[in-house]
Amino acid sequence: MLQLDLKSRKSIYEQIVDGCKEMIISGSMKAGDKLPSVREMSAKLTVNPNTIQKAYSKLEADGWIYTVAGRGAFVSDEKHEGDRQQLDTIYERIGALVSELRYLGVDSNEIVLRLTKMAEERRGEK
């Protein structure tokens, strides 16, 4: 289940979107799984239903979920390639973090080894 951080700079809406994406990426929600209804999610998180609806709409627009009238929202089986702009933004953030690590004296080989290890762990290759 999602955990909201009321002290976070991220809006509640963004936290819900990111939390749902994280559950899908991690495999805790699989293609075809039904998401809680807007009303159920609103009650569990004590968040306005409009906020939940906005998050679900964003997830659907981005291809993470799909809705079936009268049945609810479900996890999409679509591959999430990500758009070029989103990928560029993420790579820029990684670049900034790598620069910060280099400034702190971390060797480039160490950075590469750590990133490789993290990627393998997230794929379950350990």
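Visitor: In which loop is Thr46 found?

Guide: Welcome! Keep in mind that this is a predicted model. Thr46 sits in the loop between H2 and H3.

Visitor: What is the phi of Thr46 near?

Guide: Here is the general idea. Most residues other than glycine have a negative phi. Now the case here: phi of Thr46 is near 50°, a positive value in a residue other than glycine. You can also look at Gly105, which follows H4 and has a positive phi, near 95°.

Visitor: Is Thr46 buried or exposed?

Guide: To decide, use the cut-offs: under 20% relative accessible area is buried, and over 50% is exposed. Thr46 counts as exposed because its relative accessibility is 71%.

Visitor: Let me try a leucine. Is Leu35 buried or exposed?

Guide: Leu35 has a relative accessible area of 4%, so Leu35 is buried. You will find Leu35 in the loop between H1 and H2.

Visitor: Which residues does Leu35 touch?

Guide: Leaving out residues up to four places away in sequence, Leu35 touches Met29, Tyr56, Ile65, Ala73, Phe74 and Val75. For a contrast in distance, pick Val112: Leu35 and Val112 are 77 residues apart along the chain, and their C-alpha atoms are separated by 37 Å.

Visitor: And Leu113, is that residue buried or exposed?

Guide: Leu113 counts as exposed, because its relative accessibility is 58%. The place of Leu113 is in helix H5. Measure with your viewer, C-alpha to C-alpha, from Leu113 to Ser99: the model puts them 16 Å apart in space, with their positions 14 residues apart in sequence.

Visitor: What about Gln15, buried or exposed?

Guide: Gln15 is buried, because its relative accessible area is 10%. Gln15 belongs to helix H1. Setting aside residues up to four places away in sequence, Gln15 touches Gln3, Leu4, Asp5, Ser8 and Lys10.

Visitor: Now the core. Which residues in the largest nonpolar core touch the most other members?

Guide: They are Ile16, Ile52, Tyr56 and Ile65, out of the 21 residues in that core. The elements giving two or more residues to this core are helix H1 (12–26), helix H2 (38–45), helix H3 (49–61) and strand S2 (72–75). H1 gives the most, with six residues.

Visitor: Which residues does Ile16 touch?

Guide: Not counting residues up to four places away in sequence, Ile16 touches Leu2, Leu4, Leu45, Val47, Thr51, Ile52 and Ala55. Ile52 appears in that list, and Ile52 is also among the core residues that touch the most other members.

Visitor: Let's turn to pockets. What is the volume of the second largest pocket?

Guide: First the general idea: rolling a probe the size of a water molecule over the atoms shows where empty space is left. In this model, the second largest pocket has a volume of about 160 Å³. Helix H4 (84–103) and helix H5 (108–123) are the elements that give two or more residues to its lining. H5 gives the most, with five residues.

Visitor: Which residues line the second largest pocket?

Guide: Highlight Ile94, Leu97, Val98, Leu101, Val106, Glu110, Ile111, Arg114, Leu115 and Met118. By kind, the lining has eight nonpolar residues, no polar ones and two charged ones.

Visitor: How many residues does H4 have?

Guide: H4 has 20 residues. From its first C-alpha to its last, H4 reaches 28 Å, close to the 28 Å expected at 1.5 Å a residue.

How values were computed
Residues are numbered from 1 along each chain as its sequence is written. This is a predicted model: local features need pLDDT of at least 70, side-chain atom pairs count only at pLDDT 80 or more; totals for chains, interfaces and linings use all residues. Side-chain values use heavy atoms; hydrogens and water are left out. On a 1 Å grid over the protein atoms alone, a cavity is a set of points where a 1.4 Å probe fits but cannot get out, and a pocket is an open set with protein on both sides within 12 Å along at least five of seven lines; lining residues have an atom within 4 Å of a point. Grid points are joined across faces, edges and corners, and a volume is the space filled by probe spheres set on the points. Helices (H or I, at least four residues) and strands (E, at least two) are DSSP runs, numbered from the N terminus. Ala, Val, Leu, Ile, Met, Phe, Trp, Tyr, Cys and Pro count as nonpolar, Asp, Glu, Lys and Arg as charged, and the others, Gly among them, as polar. The expected span of a helix is 1.5 Å times one less than its number of residues. A nonpolar core is a set of buried Ala, Val, Leu, Ile, Met, Phe, Trp, Tyr and Cys residues joined through side-chain atoms within 4.5 Å. Buried means under 20% relative accessible area, exposed over 50%, partly exposed in between (1.4 Å probe, protein chains only). Contact means heavy atoms within 4.5 Å.
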